[in-house]
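Visitor: I'd like to go through this one slowly. Could you show it to me and tell me how each label is earned?

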Amino acid sequence: MNFLFEEIQAAKAAGRYLNYVRSLIKAKVLILDDLGLRNYTHEEATSLIDILEERYHKAPLIVTKEDDPKQPKDDPDGVTADNIGEKYGYWLRAAVQRWG
């Protein structure tokens, strides 16, 4: 994810932000690896939302997150191994139905 944000920052500095975001939206598959391992700045979070909101209905998106041993046992979003299907099941089913 750090590399993605560095690329976004470079694209903004070069005046190519919209073109870069469009390229991510048009990719056949977008994989966001290690999402949420750190806090994001407001600018990073806004860029991520720009991409995700436009991409959601267009093509497959895969999001991964490694377990962080420093992460508290109680996830701030209340997600556990037992309720992950309940929390994210709708989005997973929607993706499978649309692209499966």
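Guide: Sure. This is a predicted model, and the mean pLDDT (the predictor's confidence in each residue, from 0 to 100) is 76 for the protein, with 65% of the residues at 70 or above. Since the model is predicted, local features need pLDDT of at least 70 and side-chain atom pairs count only at pLDDT 80 or more, while totals for chains, interfaces and linings use all residues. Residues are numbered from 1 along each chain as its sequence is written, and side-chain values use heavy atoms, leaving out hydrogens and water.

Visitor: Which elements have the lowest and the highest mean pLDDT?

Guide: Helix α4 (residues 84–99) is lowest, at 57, and helix α1 (residues 2–13) is highest, at 92. Where pLDDT is low, the coordinates should not be read in detail.

Visitor: What makes something a helix or a strand here?

Guide: Both are DSSP runs, numbered from the N terminus: H or I over at least four residues for a helix, E over at least two for a strand. The protein has four helices and two strands, in the order α-α-β-α-β-α from the N terminus.

Visitor: Why is E44 called buried?

Guide: Buried means under 20% relative accessible area, exposed means over 50%, and partly exposed is in between (1.4 Å probe, protein chains only). E44 has 15%, so it counts as buried. This residue sits in helix α3 (residues 42–55). Beyond its neighbours within four places in sequence, E44 is in contact (heavy atoms within 4.5 Å) with F5, R38 and N39. Across the protein, buried residues are 22% of the 100.

Visitor: And E54, how do you know whether that is buried or exposed?

Guide: Neither: its relative accessible area is 42%, so E54 is partly exposed. E54 also belongs to helix α3. Its C-alpha atom is 9.7 Å from that of L24, 30 residues away along the chain.

Visitor: What makes V29, I31 and I62 a nonpolar patch?

Guide: A patch takes residues with over 30% relative accessible area and no salt bridge; nonpolar side chains (Val, Leu, Ile, Met, Phe, Trp, Tyr) are joined within 5 Å, like charges within 9 Å. A salt bridge would need a side-chain nitrogen of Lys or Arg within 4 Å of a carboxyl oxygen of Asp or Glu. Together V29, I31 and I62 have about 260 Å² of accessible area, by the Shrake-Rupley method with a 1.4 Å probe, where only the protein chains shown count as cover for residues. I62, in strand β2 (residues 61–63), has 41% relative accessibility and therefore counts as partly exposed.
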